[in-house]
Amino acid sequence: MLELVEARILAEQMNLSICGKRISKVTTLHSPHKFAFFHGDPQTYDELLRGRQIGKAAPVGGQLRLEIEDLIFVFGDGVDLRYLNQDEKRPSKHQLLIEFEDGSALSGSIQMYGFLSCVNESDFDSPYYLVAKKKPSPITEEFDMKYFLDILSAPGAEKLSAKAVLATEQRIPGLGNGVLQDILYYANLHPKRKVATFSEEDKDRLFHSIKSTLAQMIELGGRDTEKDLYGVAGRYVTRASKNSVGKPCSICGHPILKEAYLGGSIYYCEGCQVLVK
Ligand SMILES: [Zn+2]
């Protein structure tokens, strides 16, 4: 799934690989998918985009915004994007294929569900996009200790769990259930731990873990559970993820556990992340 780390890495790679290229053809829904959500009619995308030139890409929370002259293309959630060079085989299944005049292409394949929106930005009223544009990204300086403490002390936040306060309701756009796991692991906080039980020290550790964990993930080209624009997995070794479940914690040796919680899996170490009630 796209989260802010992936959106940022994909944007950098797009700026190197496709920026300035001219679109020769767009194919949508080559493989039908129930949960591929397009803005408007995907059948019009070819007519809309053919002949236009690719501009700059940038992350907006966990979404990826690509300028295409006076239009934007926004990729969200479960869209798997790949750059394909001139002689590279096109994937057998895809929901989006943007081909360029030089023979290279960009493909988009939906895993569980995904959003693909080609729009005029002034007409784009997706609340998810607008909130992500407005709030500061946790990797910026604007997201400082004071801003973070305001999130934790907002009315009702004390009743929420660590997972709920960080990764739901777009309190922090782009911080999703994926990057969340290692952030909490390095902050020694159980995902179900209630905000009301956080000590000043816990809050401080959590803030610094958000900053340092995300910075490391970006530095190392993304998480090892995700692939980049070239299909290469990131070099950041996740400690609490599907890759480490059942294996001993690298700090205390307890096995990493997996559990379903709040509409997604949580991964944690019982030894390092004790559930204080
Ligand atoms: Zn541990």
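Where in the chain is the place of L29? Select it and take a look: L29 sits in the loop between β1 (23–28) and β2 (36–38). Keep in mind that you have a predicted model on screen.

**Stop 1: L29, an odd backbone angle**

With L29 still selected, check its phi. The angle is positive, about 50 degrees, although L29 is not a glycine. That stands out a little, since most residues other than glycine have a negative phi. Is L29 buried, partly exposed or exposed? L29 counts as partly exposed, because it has 16 C-beta neighbours inside 10 Å; 20 or more would be needed for a residue to count as buried.

**Stop 2: the two domains**

Zoom out and colour the protein chain by domain. Select 4–133 for domain 1 and 137–269 for domain 2. The centres of the two domains, taken over C-alpha atoms, are 27 Å apart.

Now look at where they meet. How many residues of domain 1 are in contact with domain 2? There are 18 of them, and they touch 19 residues of domain 2. On the side of domain 1 that touches domain 2, at least two residues each come from α1 (4–17), β5 (71–84) and α3 (127–134). The largest share belongs to α1, which supplies ten residues. Colour that side of domain 1 by residue type and you should find eleven nonpolar, four polar and three charged residues.

**Stop 3: α1 against α7**

Next, show α1 together with helix α7 (residues 200–219). Two packed helices are described by the angle between their axes and the distance between the axes. Here the axes of α1 and α7 come within 10 Å and cross at roughly 35 degrees. The crossing of α1 past α7 is right-handed.

Which residues make the contact? Turn on side chains for V5, R8 and I9 on α1, then for L214, M217 and I218 on α7. Five residues of this contact are nonpolar, none is polar and one is charged.

**Stop 4: the largest nonpolar core**

Select F75 and L184. These are the residues with the most contacts inside the largest nonpolar core, which has 67 residues. β5 gives the most to this core, seven residues in its case. Why does the core lie between the two domains? Domain 1 (4–133) and domain 2 (137–269) both give residues to the core, so the core lies between them. As background, in soluble globular proteins nonpolar side chains tend to be buried together.

Stay with L184 for a moment and show what is around it. Apart from its neighbours within four places in sequence, L184 is in contact with A162, L189, P191, Y268 and Q273.

**Stop 5: helix α6**

L184 is also one of the buried residues of α6, so select the whole helix, residues 177–186. How many of the ten residues of α6 are buried? The count is ten of ten, and α6 is described as mostly covered. Show its surroundings too: the buried residues of α6 pack against α1, α5 (162–167), α7 and β9 (265–269).

Now pick out D182, which lies in α6. D182 counts as buried because it has 23 C-beta neighbours inside 10 Å. Draw a line from its C-alpha atom to that of A240: the two residues are 58 apart along the chain, yet their C-alpha atoms are separated by 5.6 Å. Leaving out residues up to four places away in sequence, D182 touches T213, T238, R239 and A240.

Then step past the end of the helix to N188, in the loop between α6 and α7. Like your starting residue, N188 is not a glycine but has a positive phi, here about 55 degrees. N188 counts as partly exposed, with 18 C-beta neighbours inside 10 Å.

**Stop 6: H94**

For the last stop, select H94, in the loop between β5 and β6 (96–100). Is H94 buried or exposed? H94 is buried, because 22 other C-beta atoms lie within 10 Å. Leaving aside neighbours within four places in sequence, H94 is in contact with H30, S31, S107, G108 and S109. Finally, draw a line from H94 to S209: they are 115 residues apart along the chain, and their C-alpha atoms are separated by 37 Å.

Methods
Residues numbered from 1 in each chain as written. Predicted model: local features only at pLDDT ≥ 70, side-chain atom pairs only at ≥ 80, totals over all residues. Domains from an automatic or database assignment. Contact = placed C-beta atoms within 7 Å. Helix = DSSP H or I, 4+ residues; strand = E, 2+ residues; numbered from the N terminus. Nonpolar A, V, L, I, M, F, W, Y, C, P; charged D, E, K, R; others polar. Axes fitted to C-alpha atoms, helices over the stretch in contact; angles between N-to-C directions. Left-handed = near helix turned anticlockwise from the far one by under 90°. Core = buried A, V, L, I, M, F, W, Y, C linked by C-beta atoms within 7 Å. Buried ≥ 20, exposed ≤ 12 C-beta atoms within 10 Å, placed from the backbone.
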